[in-house]
Amino acid sequence: MEEKKILVTSPLMPRLEEFIPYLQKIWDSKWLTNNGQFHKQLEKELAEYLGVPYISLFTNGTLPLIAALQAERIIGEVITTPYSFVATTHSIWWNGIKPVFVDIDPVTCNMDPNKIEAAITPKTTAIMPVHVYGQPCDTKAIQDIADKYGLKVIYDAAHAFGVKVNGESILKAGDMSTLSFHATKVYNTIEGGALVMKDAKTKQRIDYIKNFGFAGETTIVAPGINAKMDEVRAAYGILNLKQVDAAIAWRKKVANQYRETLRKIDGITFFEDIEGVDHNYIYFPMFVDAEKFGMTRDELYAKMKEKNVYGRRYFYPLISHFSTYRSLPSAAPSNLPIATKKADEVICLPIYKGLTSEDVERVLFAIQSCK
């Protein structure tokens, strides 16, 4: 009998019997969207949970990036990372802005602050870093550069739900931070996202932008879009917020079980916890040194699949490799040697609430048996 498939992730879901009363309230009220009671409740509860002053809910995690660039009136060029999900750069492109790629730090896989200044031109107006895998960027170094050159900083914090540094939310860094609540994330609303900002005036501007620019029944103050979260997903999110701490604790145990064994395998590296950081364990990326391990990442990836263990080559290929961006001067592989290397070495292993110790042992066996 074939062993069950172990997938790279599984969504955190509330119990159906808990969800049904919320659905009944929505059905009774017939208020499905447009800033309903559950939308307001979730914004309030998320701001409290995350320790941020203001938050605005969106229907997915890409639209907050697009809206943030609009709200800050970003034009010209934006410095960003090639080592991320494509939505990061797509949001820049959709706003008619030129993305400029810089290489990443080999330890964190985040944008290397030491590479930013050389990429700044008179057309540069902002920096869009990513807290990759929930690993905090060097926010102080990035902010110092931004202040020196008068640039805005918008963080793609899609992976950084609940991450803190010395007790402070990483989402407070920069001018704004965006979140994704996609089903694959630590915390999800099926599809969804949010934008974190520092003041009520900015929140009001964002709320206008995500609702067609309406400031009243007959008043349009901006060329907005429709990016609102509906009541069904907001209710789902309220319930998931009650169990996200337990899910993160489960993920931490999985990560530690992986580490205990992988430390003994030559040619495999991974992230250790950083002192002073509250991690969320959204992903467990490992990196395969083909020479030391004895096979390439792609060969290992294929061997794991043969054993019904499904990892993910995340992030591969680099954003800069895709046809839309390949012709940009900053996209040249010679400009991005570390990002190119990491993209060729990474496999994210299965990690989620419900993954058993026995499942983790199967994943580890699939890797060890290739040595």
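This report walks through a sheet, two helices that lie across it, and one buried arginine, R251. The model is a predicted one.

**The sheet**

Let us start with the strands. Seven of them build an open sheet, arranged in the order β1-β9-β8-β5-β4-β2-β3, and their pairing is mixed. At the edges you will find β1 (54-58) and β3 (98-101), each of which pairs on one side only. On average, neighbouring strands in this sheet are turned by 25 degrees against each other, direction ignored.

For a look at one pair, take β8 (residues 176-180) and β9 (residues 193-197): they pair in the antiparallel sense over four bridges. Here L179 stands opposite A194 in β9.

**Helices across the sheet**

Two helices can be set side by side:

| Helix | Lies across | Angle |
|---|---|---|
| α4 (residues 87-94) | β2 (77-80), β3, β4 (124-128) and β5 (152-156) | about 145 degrees to β3 |
| α7 (residues 200-209) | β1, β8 and β9 | about 10 degrees to β1 |

**A buried arginine**

Now turn to helix α9 (residues 244-262), where R251 is found. Which side chain of opposite charge is nearest to R251? That is D245, 11 Å away; R251 is buried and has no salt bridge. A polar atom of the R251 side chain does, however, lie 3.1 Å from the backbone oxygen of Y281.

Leaving aside neighbours within four places in sequence, R251 touches several parts of the chain: its contacts include T9, then T184, K185 and V186, then N280, Y281 and I282, and also I351, Y352 and K353. Y281 thus appears twice in this picture, as a contact of R251 and through its backbone oxygen.

How values were computed:
Residues numbered from 1 in each chain as written. Predicted model: local features only at pLDDT ≥ 70, side-chain atom pairs only at ≥ 80, totals over all residues. Heavy atoms only, no water. Helix = DSSP H or I, 4+ residues; strand = E, 2+ residues; numbered from the N terminus. Buried < 20%, exposed > 50% of the residue type's maximum accessible area, 1.4 Å probe, protein only. Lys, Arg positive; Asp, Glu negative; His and termini not counted. Salt bridge = Lys/Arg side-chain N within 4 Å of Asp/Glu carboxyl O. Polar contact = N/O pair within 3.5 Å; in protein donor to acceptor, adjacent residues only side chain to side chain. Contact = heavy atoms within 4.5 Å. Pairing = 2+ DSSP bridges. Axes fitted to C-alpha atoms, helices over the stretch in contact; angles between N-to-C directions.
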